[in-house]
Amino acid sequence: MNGQSKRVKLREIAFARSGDKGSNSNIGLFAYTPEGYQYLRQVLKPETVARHFQALKPTEVKRYELPLLNAFNFVLVGALGEGGSRSLRVDAQGKALGIALLELEVEIPATLWAKCLREKRESRDE
Amino acid sequence: MSKVSHHSSINSTLRIGNAQAFWGDSPDAAVRLLEARPDLDFLTLDYLAEVSLSIMAIQKDKNPEAGYAADFVELAGSLAPFWRAGCHTRIVTNAGGLNPMGCALACRDVLQAADCPVRIGVVTGDDVLARLKNSTDSTRFKNLETNQPLEEVRDRLVTANAYLGAQTAAEALARGAHIVICGRVADPSLTVAACRAHFGWSDTEYDRLAAATVAGHLIECGTQLTGGISTHWMELRQPENLGFPIVEMSVDGSFVVTKAEGTGGEVSEFTVKEQLLYEIGDPACYLSPDVTVSIQHVTVVERGRDRVEVSGARGFPPSPMLKVSATYRDGFRAEGMLVIVGPEAPSRARRAGEVVIARMRQAGFAPERWHIEALGSGDVVPGAVGRQDDLFECVLRIAVADRRREVAECFSRQLASLVTSGPAGVTGYTSGRPPVRPIFGYWPCLIPAAEVGPTVTILEAV
């Protein structure tokens with residue numbers, strides 16, 4: 001590994017919430033800092049998210065950008081099979097997908113990571 | 001409890017609380033919220049998830065006077081002491097379900113008995129089941145997600161309700177209703193109705209309607225705005241006493257979300273952002289019957305402890321089509337869980353699960369669909385975290401579905417038999433055989449708004 005970068009879980013630099021809309025699930029993902037958002041814009045492609053959830057067989061993953069919120073909305077089309085009432089999974093409504101996305105590992109420049117951690121700590125401890 | 005004056009000036013801030021996010025939510029939330037904030041102008045109470053109406057349909061089949069959220073009648077009764085003491089808080093709710101008038105009559109009785117007669121507005125017209133059942137045009141009411149024709153499920157339809165907007169509920173409020181009981185209304189429209197009635201907004205003040213829709217969207221899930229299901233839940237203060245959310249709306253559509261002082265949780269940039277994107281699709285195109293909303297340029301700014309200002313929503317004319325949420329009978333399901341203990345517990349669990357399915361097959365009841373999970377080993381969101389097989393305990397969960405009720409019944413018996421025929425260390429069988437439940441398929445489709453005629457009936461206090 002390059003000494004200038006670090007492999008971290010998304011949860012160190014972002015937070016999330018997920019739910020269902022028919023047979024789709026959506027995940028709101030929020031970077032703690034604008035720099036973190038800009039970085040994720042480059043590395044967290046729809047394909048990356050689709051790969052993380054490939055076992056759920058989404059037919060498509062859409063990524064919407066909300067720069068004023070440092071946020072993305074990922075829509076996982078078809079990830080809930082035939083929808084909340086028919087799905088036999090324990091997580092029929094995709095409630096766990098947000099927290100599960102935060103387990104995804106990304107390679108991040110060490111300086112950016114340190115800044116994200118510092119600002120996250122400051123904003124949560126105030 | 002002190003008496004509070006009625007803020008009727010449109011320049012005053014309108015205070016709207018939410019004390020019910022779903023049918024089965026905390027029943028005393030409304031009382032607790034009004035104890036803390038008797039100055040609220042409105043309470044919105046949301047009882048309807050996508051398939052709630054199909055449960056109400058079954059209840060109404062057995063008893064024509066049922067078919068609504070009976071919990072609400074009790075809740076209305078619990079608020080009588082506040083109203084008798086001069087509290088002016090009005091209520092907008094979708095508790096009417098499939099029978100808003102039945103709900104209203106029951107409320108009137110309870111409140112009369114509590115010596116608290118009030119005027120009740122009843123909004124009907126959302127029920128379009130007959131329209132779908134009698135439609136002969138096969139190009140209409142196609143499934144919005146799959147594009148399948150209605151023919152495939154028409155004979156099995158249980159409910160079909162159009163999502164109404166705020167206008168009719170606002171009219172009921174303008175006619176002096178203290179409680180407005182609706183059936184299917186878009187969730188944020190409960191809040192929009194309160195705003196329209198108070199501020200007199202027309203149906204083309206799109207940016208203001210958009211702001212109110214965002215406000216309604218934020219509070220409709222109750223404590224999800226104040227820390228519930230937050231990534232930072234473990235850091236919350238008093239998680240056992242999460243406050244229910246409150247909107248403070250101004251005439252120009254700017255608003256702050258907050259919660260009652262002394263309650264647990266937080267209203268912060270973190271909780272508000274998470275809820276803002278909760279269960280939405282394209283942020284530039286949030287569809288509601290009142291207005292099409294873009295939240296693309298919305299900002300979320302903390303204005304003090306537990307006070308967050310949300311602004312920048314843009315509104316555009318609503319679609320001429322209303323969304324219809326229909327449900328149809330789609331067979332039966334059953335699911336059950338057992339605890340499996342022992343080395344490599346997930347392997348034991350999966351094998352035990354396969355045994356149940358094999359036995360069903362032997363009995364001539366192979367299920368059309370089934371799903372086996374070893375909970376604890378990474379099966380909830382498979383692949384997202386590495387699968388762990390080296391566990392000493394996990395939970396086996398099996399779910400089956402079939403058109404035939406007997407298949408689900410067979411499963412229910414076979415699962416129980418694992419207690420004596422399964423692996424060493426099978427335990428946790430305490431809740432008896434799993435119940436067999438009907439499946440209600442979800443059929444979203446569209447209807448021209450012009451074909452839906454919502455109406456208000458005013459039930460006078462007597």
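User: What stands opposite A160(B) in β14(B)?
Analyst: A326(B) does. Please keep in mind that this is a predicted model.

User: Why are β5(B) and strand β14 (residues 321–341) of chain B called a pair, and which way do they run?
Analyst: Pairing requires at least two bridges. Five bridges link β5(B) with β14 of chain B, so the pair qualifies. The two strands run antiparallel.

User: What makes strand β5 (residues 157–162) of chain B covered or uncovered?
Analyst: Burial is what decides this: a residue is buried once 20 or more other C-beta atoms lie within 10 Å of its own. In β5 of chain B, five of the six residues are buried, so the strand is mostly covered.

User: How do you know whether Y47(B) is buried or exposed?
Analyst: Y47(B) has 24 other C-beta atoms within 10 Å. The cut-off is 20 or more, so Y47(B) counts as buried. You will find this residue in the loop between β2 (42–45) and α2 (52–62) of chain B.

User: Which residues does Y47(B) touch, and what makes that a contact?
Analyst: Leaving out residues up to four places away in sequence, the partners of Y47(B) include F22(B), W23(B), F72(B), N94(B) and G97(B). Each counts because its C-beta atom lies within 7 Å of that of Y47(B). As for L322(B), 275 residues from Y47(B) along the chain, the two C-alpha atoms are separated by 20 Å.

User: Why are β9 (286–287) and β13 (314–316) of chain B called edge strands?
Analyst: Each of them pairs on one side only. They belong to an open sheet of three strands in chain B, in the order β9-β10-β13, with antiparallel pairing.

User: How do you know that strand β10 (residues 292–294) of chain B pairs with β13(B)?
Analyst: Three bridges join these strands. The requirement is at least two, so they pair. In one of the matches, S294(B) has R314(B) of β13(B) as its bridge partner.

User: What does chain B contain, and why is it called compact?
Analyst: Chain B holds 11 helices and 19 strands. Its radius of gyration is 24 Å, close to the 23 Å given by the globule rule for 462 residues, so chain B is as compact as a globular protein of that length. The C-alpha trace spans about 70 × 55 × 50 Å along its principal axes, and buried residues make up 50% of the chain.

User: Where does the largest nonpolar core draw its residues from in chain B?
Analyst: The core has 175 residues. Its largest share, nine residues, comes from helix α8 (residues 206–219) of chain B. Domain 1 (14–126 + 163–319) and domain 2 (330–441) of chain B each give at least three. The centres of those two domains are 39 Å apart, taken over C-alpha atoms. V180(B) is among the members that touch the most others in the core; its contacts include I91(B), V92(B), V123(B) and L173(B).

User: How many residues does each chain bring to the contact between A and B?
Analyst: Chain A brings 35 residues and chain B brings 42. On the chain A side, β2 (14–21), β3 (24–31), β4 (60–66), β5 (71–77) and α3 (97–101) each supply at least two residues. The largest share there, six residues, is from β2(A). Sorted by class, that side has 16 nonpolar, 11 polar and eight charged residues.

Methods. Residues numbered from 1 in each chain as written. Chains lettered and ligands numbered in written order. Predicted model: local features only at pLDDT ≥ 70, side-chain atom pairs only at ≥ 80, totals over all residues. Contact = placed C-beta atoms within 7 Å. Helix = DSSP H or I, 4+ residues; strand = E, 2+ residues; numbered from the N terminus. Nonpolar A, V, L, I, M, F, W, Y, C, P; charged D, E, K, R; others polar. Core = buried A, V, L, I, M, F, W, Y, C linked by C-beta atoms within 7 Å. Buried ≥ 20, exposed ≤ 12 C-beta atoms within 10 Å, placed from the backbone. Domains from an automatic or database assignment. Rg over C-alpha atoms; globule rule 2.2 N^0.38 Å.
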